[in-house]
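Colleague: Please take a close look at enclosed empty space in this model, and say what surrounds it. I would also like to hear about any unusual backbone geometry.

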Amino acid sequence: MADLREDPYPDVYIGGGFSDPTDLSGPACCSDPARPRPTGPPPAGPGPTADPPHAPARQEPDRPTREPDRPGRLLRRCGPVLRTGWTTSAVAAGAALLMVGHPLVPNRPGNIGSLLETLLPWTGLVVPALLLTALLRRSVPAVIAALLLGAVWIGVFGPLFLGGESDTKPNLTVVTHNVGATNPDPTATARTLLAADPDLVALEEITDDALPAYREVLDRRLPHSVHIGTVALWSRYPLAESRRVTIDPGWSRSLRARVQAPDGPLAVYVVHLPSVRVGAAGFTIGRRDAALTALDRMLDHERQKKVLLLGDLNGATTDRRLAPLMSRLTSVEDEAGSGFGFSWPAAFPIARVDHILVRDVTPTDAWTLPATGSDHRPVAAALRT
């Protein structure tokens, strides 16, 4: 006898056929996701969709079990993290090669090697930039590469920060300053220089109009002086002789004087080498280099044992073109300073182009003085002659 009770799961008519809603694989279930899935057994009784009594019970398909993490599976998951940052790592490797292999960078075209060496300490700015990029990308290799680059930079330039005052007692303090032809206040500039209590003061780019102002201040403390062209020297000690040094024909901006220093005579050179420019043609240094060659020859013929060179060389000691000069003299900043001693431009120095170099003289300290009305900063040193 037929069951007259209402079928709780009526057949659903779908485009020409009937479908059992309890069949989860059928289209009715998939087409209406809001319909709750039946939890009990299918209804008994005759019907076109009922399972026959002898049919085996339906079984839910086995759900896939989660495979335990294994080294290979973990590597596949972390692969994108490990792969990202290879570009950052390559940039770090290239920067490290530039730091230690800059002499191999060709100087043509445009004297690019000399320009790189003038600004070489600033390659350190790549380190925080690469490290930040590596952290943002969560790349372990890139972080390691950035840290290694930082270690290379410290290895190359770190010793410059280990200088400072020596146990040797100095007996001579010297100052050199490119005062700038357009300096609006020569008097204040001269007073800034005297604050270092110097025994020698060398000035470059001094004009005839500004000379009286410098003399008025400096002559009171440093009574011996010589002025030739655009350079001048004031000394606490007598000048035995002085003359013009011709290393740049057509210009009068170099001199040599013999100073009667506390421990014997000292040959003092005040030098202002030709300017350099960075433009479309590159780093123009030809005229400066020609003057450097002439200066090298002059130093080779210098008979005085103790030599002091003060001035604006328009180049850093790391510049390969200054290598012949640096083989003859020692930079007091490199020997006894603490830091880079950048002197130009005064507002935000990026390079040390103003130098104090010595031969057979012991540097005990080197430092940079406060900015004046010039576009250069003065540099000073304490020496034992």
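Modeller: What follows deals with the cavity, then its lining, then the backbone.

The model is a predicted one, in which local features need pLDDT of at least 70 and side-chain atom pairs count only at pLDDT 80 or more, while totals for chains, interfaces and linings use all residues. Residues are numbered from 1 along each chain as its sequence is written, and side-chain values use heavy atoms, with hydrogens and water left out.

Rolling a probe the size of a water molecule over the atoms shows where empty space is left. A cavity here is a set of points, on a 1 Å grid over the protein atoms alone, where a 1.4 Å probe fits but cannot get out; points are joined across faces, edges and corners, and a volume is the space filled by probe spheres set on them. Searching the whole structure in this way gives one cavity of 30 Å³ or more, and the largest cavity holds about 60 Å³ of space.

Its lining, meaning residues with an atom within 4 Å of a point, consists of S331, V332, E333, G341, R352, D354, H355, I356, A366, W367, V379 and A380. By character, six of the lining residues are nonpolar, three polar and three charged, where Ala, Val, Leu, Ile, Met, Phe, Trp, Tyr, Cys and Pro count as nonpolar, Asp, Glu, Lys and Arg as charged, and the others, Gly among them, as polar. In terms of DSSP runs numbered from the N terminus (helices H or I, at least four residues; strands E, at least two), α11 (332-336), β14 (354-359), β15 (362-368) and β16 (379-384) each supply at least two lining residues. Of the elements, β14 gives the most, with three residues.

The loop between α11 and β14 contains P345, and the peptide bond that reaches P345 from W344 is cis, with omega near -15°. A second cis bond runs from R108 to P109, with omega near 5°, and P109 sits in the loop between α3 (86-101) and α4 (112-118). That loop between α3 and α4 also holds N111, which has a positive phi of about 50° although it is not a glycine. Most residues other than glycine have a negative phi, and most peptide bonds are trans. N111 counts as buried, because its relative accessibility is 19% and buried means under 20% relative accessible area with a 1.4 Å probe and protein chains only.

Technical notes. 1 Å grid on protein atoms, 1.4 Å probe; cavity = no way out; pocket = protein on both sides within 12 Å on 5 of 7 lines; lining within 4 Å. Buried < 20%, exposed > 50% of the residue type's maximum accessible area, 1.4 Å probe, protein only.
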